[in-house]
Amino acid sequence: MDSRIKITKDDNKLEIIIKAFIDAKKQTMLLVWIFLFSLCGLSIVSQFFEDYESSYKIVFGVYVAFWLFFEFKVIYAYRWRKYGEERVIIENNQITLLKTIGKRGVTQNYNLDEIKKIDFLKND
């Protein structure tokens, strides 16, 4: 866990970097799943070009919509575990949260004056 968390403190700045947890065996299984799931989806997409009734093509379309959604989610999870990190920066009466995958990410800013209560997660 220590290799995943890095804390740096300067004069008026505290930065906490948390790298995503990665398990090589699970990551390999996820990659195989992505490959096989992509083949399944491509085989269904190829059926659009065959001569089927319109009701069958509607079923194929609904299947492809769900397939695209889950394909996106699994690729996102794979990329998060491989390249993802979170940063918590406390500086100038402000907390900045960054969630990045590679070079792209989402930033959220909060003023310390607006925060009423900070509590720890109680785990049994």
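Which residue of strand 4 does Arg87 stand opposite? It's Leu98. This is a predicted model, where local features need pLDDT of at least 70 and side-chain atom pairs count only at pLDDT 80 or more, while totals for chains, interfaces and linings use all residues. Residues are numbered from 1 along each chain as its sequence is written, and side-chain values use heavy atoms, with hydrogens and water left out.

**The sheet**
- Five strands (DSSP runs of E, at least two residues, numbered from the N terminus) make an open sheet in the order 1-2-3-4-5, with antiparallel pairing.
- Strand 1 (5-9) and strand 5 (104-111) sit at the edges with a single partner strand each, so one side of each has no neighbour in the sheet.
- On average, neighbouring strands here are turned by 10° against each other, ignoring direction.
- Strand 3 (residues 84-91) pairs with strand 4 (residues 94-101) over eight bridges, in the antiparallel sense; to count as a pair, two strands need at least two bridges found by DSSP.

**The helix on the sheet**
- Helix 2 (residues 54-83) packs on the sheet and touches strand 3 and strand 4; touching, or contact, means heavy atoms within 4.5 Å.
- A helix is a DSSP run of H or I with at least four residues.
- The direction of helix 2 makes about 115° with that of strand 4; axes are lines fitted to C-alpha atoms, for helices over the stretch in contact, and angles between N-to-C directions run from 0 to 180 degrees.

**Spotlight on Ile17**
- You'll find Ile17 in strand 2 (residues 13-19).
- Ile17 counts as buried because its relative accessible area is 12%; the cut-off is under 20%, using a 1.4 Å probe and protein chains only.
- Leaving out residues up to four places away in sequence, Ile17 touches Arg4, Ile5, Lys6, Glu85, Glu86 and Arg87.

Technical notes. Buried < 20%, exposed > 50% of the residue type's maximum accessible area, 1.4 Å probe, protein only.
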